[in-house]
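Reader: I want to learn how to read empty space and helix packing in a model. Can you take me through one case?

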Amino acid sequence: MKDSMYPKEKRRSSLRMQNLHLPSHILLIIWSFIALFPIWILFVNSFKTRFTIYDNPFWLPAKWNVGNYTAVLGNNDFLGYFKNSFMAVSSSIVLVLLLGSLAAYALAHWRGRASTAIYFTLIAGMMLPIRIASIRLLELVKAMGLLNTIGSLIPVYTAMGIPIAIFVLTEFVRQVPGELTEAGLIDGAGRFHIFIRIMLPLLRPAMATVAIYNLIPFWNDLWFPLIFINKENAKTLLLGVTRLFGQYQTDWSKVLAVLALSALPVITLYVLLSKQFIKGMTAGAVKG
């Protein structure tokens, strides 16, 4: 008798659990529509002409126009802007991951008041917006001879990304069992060898989180390129978009085409690293 009742009770409990999760699913669906709506508007209107964009900006075009993309891709200036942005952002992210992982590995294994003070000093950069030091940064960039070059953005972006990198990676390294490091030391491996062979493969989810977290503000930054760069051949993609804004009229269809192309690297990187990103974000949330 008990065995025959068990499946019914199990079905009832599963239905209750589904009913409990239903409100959260509804909220997530609504939030997904809110988050995807600007992307929809961006891509849909990028295939319209300058005048048809105002007919119905929220729906598909009556006639798809790829002339915006061919005009943008056929312009060597915009391809140069894209290359400049890619070089500045990719170099900055590589430096952030390299320096952040090395600092996190050192701080996680260095116990003491000095390490704690250094750790909190470094992550304090998360609370202080770097733009408040724009004038001083301009003076430093000029003193280093990097003005009007892509190299002027790399140290600034690296400084922007290191605090969050140290914050995420240090906590991740502290969760790695100490037995792995001890086993490497017993086998005769040095600290750097342990970092390369053991730590870096384990840090991939956290490093993917840091990379995606920093990619968006680096790629979408307009403030520092506007301050540091005046030469046409050194402008970044978003800074080059300002060429399309006229005094009396703006070709919004080409502007949206450029912005759609600029969004593709961010979306592509997130799709490729989404699993690692989720693992890195949820690491440490549940301890078993």
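Author: Start with a pocket. About 340 Å³ of space lies in the second largest pocket. The model is predicted.

Reader: How is such space found, and which residues lie nearest the centre of the second largest pocket?

Author: The general idea comes first. Rolling a probe the size of a water molecule over the atoms shows where empty space is left. In this structure, 17 residues line the second largest pocket. Nearest its centre lie I93, A211, L215, L269 and L273.

Reader: Which helices each supply at least two residues of that lining?

Author: Helices α3, α9 and α12 do. By class, the lining of the second largest pocket divides into 13 nonpolar, three polar and one charged.

Reader: What volume does the largest pocket have?

Author: Its volume is about 520 Å³. The lining has 18 residues. G125, L128, I130, A159 and M160 are the closest to the centre.

Reader: Which helix gives the largest share of the lining of the largest pocket?

Author: Helix α6, with five residues. Both α6 and α9 supply at least two residues each. The class count for this lining is 14 nonpolar, two polar and two charged.

Reader: Now the closed spaces. How many cavities of 30 Å³ or more does the structure hold?

Author: One. The largest cavity contains about 60 Å³ of space. Its lining consists of S85, A88, V89, L153, Y157, F218, W219, D221, P225, T236, L237 and L238.

Reader: Where does the largest share of the cavity lining come from?

Author: From α3, which gives three residues. At least two residues each come from α3, α6 (153–174), α9 and α11 (237–241). Sorted by class, the cavity lining has nine nonpolar residues, two polar and one charged.

Reader: α3 and α9 both appear there. How do I read a helix pair?

Author: Two packed helices are described by the angle between their axes and the distance between the axes. Here, helix α3 covers residues 76–109 and helix α9 covers residues 204–219. They pack at an angle of about 145°. Their axes are 10 Å apart.

Reader: Is the crossing left-handed or right-handed?

Author: Right-handed, as α3 passes α9. From α3, the contact uses F82, S85, F86, V89, S92, I93, V96 and L97. From α9, M207, V210, A211, N214, L215, F218 and W219 take part.

Reader: How does that contact divide by class?

Author: Twelve nonpolar residues, three polar and no charged ones. Some names recur. S85, V89, F218 and W219 belong to the contact and also line the largest cavity. I93, A211 and L215 belong to the contact and lie among the residues nearest the centre of the second largest pocket.

Reader: Take a single residue. Is S262 buried or exposed?

Author: Buried means under 20% relative accessible area. S262 has 5%, so it counts as buried. S262 sits in helix α12, residues 252–272.

Reader: Which residues does S262 contact, leaving aside neighbours within four places in sequence?

Author: W219 and L237. Both of these also line the largest cavity.

Reader: Last, the whole chain. How many helices and strands are there?

Author: The chain has 13 helices and zero strands. It has 288 residues, of which 35% count as buried.

Reader: What share of contacts joins residues at least 24 apart?

Author: 74%, among contacts between residues at least 6 apart in sequence.

Definitions and conventions:
Residues are numbered from 1 along each chain as its sequence is written. This is a predicted model: local features need pLDDT of at least 70, side-chain atom pairs count only at pLDDT 80 or more; totals for chains, interfaces and linings use all residues. Side-chain values use heavy atoms; hydrogens and water are left out. Axes are lines fitted to C-alpha atoms, for helices over the stretch in contact, and angles run from 0 to 180 degrees between N-to-C directions. Helices (H or I, at least four residues) and strands (E, at least two) are DSSP runs, numbered from the N terminus. A crossing is left-handed if the near helix is turned anticlockwise from the far one by less than a right angle, and right-handed if clockwise. Contact means heavy atoms within 4.5 Å. Ala, Val, Leu, Ile, Met, Phe, Trp, Tyr, Cys and Pro count as nonpolar, Asp, Glu, Lys and Arg as charged, and the others, Gly among them, as polar. Buried means under 20% relative accessible area, exposed over 50%, partly exposed in between (1.4 Å probe, protein chains only). On a 1 Å grid over the protein atoms alone, a cavity is a set of points where a 1.4 Å probe fits but cannot get out, and a pocket is an open set with protein on both sides within 12 Å along at least five of seven lines; lining residues have an atom within 4 Å of a point. Grid points are joined across faces, edges and corners, and a volume is the space filled by probe spheres set on the points.
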